[in-house]
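Here are my notes on this entry, for someone opening it for the first time. They are set out as numbered points and can be read beside the structure.

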Amino acid sequence: MNSGTIKPKTAEQIEAMAASGRVLAGALNEIEATVKPGVTTGELNEIAESYIRDHGGIPSFLGVPAADPGVKPFPGAICASVNDAIVHGIPGSAELQEGDIIGLDCGVILDGWHSDSARTLAVGEIGPDASRLLDVTRAALDEAICASVAGGHIGDIGAAVQKLVEDAGLTIVRRFVGHGIGRTMHESPQVPNFGRPGGGSVLVAGTTLAIEPMVNIGSAGVVFDNDGWTARTDDGSLSAHFEHTVAVTDAGPRVLTEVA
Ligand code: MG
Ligand code: MG
């Protein structure tokens with residue numbers, strides 16, 4: 001796995017990324033408040049896109065080309081990944097059902113700076129296994145953020161996620177990884193959700209990362225829908241995804257994809 005070269009950002013550039021992240025967090029808050037049974041993922045997509053454009057941003061996922069030239073570019077401002085969908089679900093006419101979980105992933109470009117964040121939400125009342133999956137995945141992201149300190153290593157982040165998730169008896173998706181972020185959505189280095197403490201690139205102040213644990217109840221295997229985008233668990237088990245854009249600073253980790 002390419003750990004890659006980190007491109008540290010200046011304090012000014014980190015502020016610009018935080019401004020992008022505030023627009024993104026606002027958009028995610030808007031759609032979170034809308035999630036309920038009967039709402040379609042297409043409606044959530046429209047709300048997010050309007051919010052981003054109304055706040056001067058560009059929805060960065062819209063029109064992203066697929067790796068496979070036979071697959072159309074991504075058609076949404078958000079990825080909406082329901083139940084066994086891990087990531088990259090295409091928003092559309094499907095209505096959310098009571099008891100579903102939905103992963104909402106979104107990206108913004110503001111003044112040329114990218115931000116990227118995801119959260120997985122309960123639709124109405126969800127079962128205890130689903131609830132625990134969400135709690136563990138959210139906690140794994142929190143642990144990963146705490147590990148994002150100057151002088152540490154990329155491997156510390158993955159190791160923190162791996163320990164928490166595997167101790168909870170859940171499964172890490174290895175097919176997809178977090179990433180550096182800045183002027184482009186995906187920069188070096190890759191940020192796997194598994195690893196060895198002290199492994200990989202050194203985290204220097206100014207490192208900006210999109211950290212994004214993806215966790216399954218069952219198999220770690222991934223299958224794709226015919227749309228070429230939607231990635232699902234190969235055993236139909238539930239999957240959760242949480243993501244923040246984070247800056248490593250001399251004052252500690254700073255989450256950039258929050259409203260305040
Ligand atoms: Mg994302
Ligand atoms: Mg990402």
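1. Three bridges connect strand β10, residues 214-216, with β13, and the two strands run antiparallel. One of the pairings to look at is N216, whose bridge partner in β13 is S239. This is a predicted model, and everything below should be read as such.

2. The β10 and β13 strands belong to an open sheet of three strands, ordered β6-β10-β13, with antiparallel pairing. The edges are formed by β6 (171-172) and β13 (239-241), each of which pairs on one side only. Helix α3, residues 128-146, packs on this sheet and touches β10 and β13. The direction of α3 makes about 35 degrees with that of β13. As a general reminder, the strands of a sheet pair through backbone hydrogen bonds, in either a parallel or an antiparallel way.

3. Which residues coordinate the magnesium ion that is ligand 2? They are D116 (OD), H179 (NE2), E212 (OE) and E243 (OE), at 2.1 to 2.2 Å. Along the chain these donors follow the spacing D-x62-H-x32-E-x30-E. The pair D116 and H179 links distant parts of the chain: D116 lies in strand β5 (residues 113-122) and H179 in strand β7 (residues 178-180), 63 residues apart.

4. Are D116 and H179 buried or exposed? D116 has a relative accessible area of 3%, so it counts as buried, the cut-off being under 20%. H179 is also buried, because its relative accessibility is 4%.

5. The magnesium ion that is ligand 1 is coordinated by D105 through two entries (OD and OD), by D116 (OD) and by E243 (OE), at 2.0 to 2.6 Å. In sequence, the donor residues of ligand 1 are spaced D-x10-D-x126-E. Here the pair D116 and E243 joins distant parts of the chain, with D116 in strand β5 and E243 in the loop between β13 and β14 (244-249), 127 residues apart. Both D116 and E243 are buried.

6. The two magnesium sites should be viewed together. D116 bridges ligand 1 and ligand 2, and the two ions lie 3.2 Å apart. E243 is listed as a donor to ligand 2 and to ligand 1.

7. Helix α1 covers residues 11-34, which is 24 residues. From its first C-alpha to its last, α1 reaches 35 Å, close to the 34 Å expected at 1.5 Å a residue. Buried residues in α1 include I14, M17, A18, V23, L24, L28 and I31.

8. N29 is also found in helix α1. With a relative accessible area of 36%, N29 is partly exposed. Leaving aside residues up to four places away in sequence, N29 touches R119 and V259. N29 and A231 are 202 residues apart in sequence, and their C-alpha atoms are 24 Å apart in space.

9. Turning to the whole chain, its secondary structure comes to four helices and 15 strands. The radius of gyration is 17 Å, close to the 18 Å that the globule rule gives for 260 residues, so the chain is as compact as a globular protein of that length. Taken along the principal axes, the C-alpha atoms fill a box of roughly 45 × 45 × 40 Å.

10. Of the 260 residues in the chain, 55% are buried. Among contacts between residues at least 6 apart in sequence, 71% join residues at least 24 apart.

How values were computed
Residues are numbered from 1 along each chain as its sequence is written. Chains are lettered from A and ligands numbered from 1 in the order in which they are written. This is a predicted model: local features need pLDDT of at least 70, side-chain atom pairs count only at pLDDT 80 or more; totals for chains, interfaces and linings use all residues. Side-chain values use heavy atoms; hydrogens and water are left out. Two strands pair if DSSP finds at least two bridges between them. Contact means heavy atoms within 4.5 Å. Axes are lines fitted to C-alpha atoms, for helices over the stretch in contact, and angles run from 0 to 180 degrees between N-to-C directions. Donors are N, O and S atoms within 2.8 Å of the metal (3.2 Å for Na, K and Ca); water is not among the atoms, so sites may look incomplete. Buried means under 20% relative accessible area, exposed over 50%, partly exposed in between (1.4 Å probe, protein chains only). The expected span of a helix is 1.5 Å times one less than its number of residues. The radius of gyration is taken over C-alpha atoms; the globule rule is 2.2 Å times the number of residues to the power 0.38.
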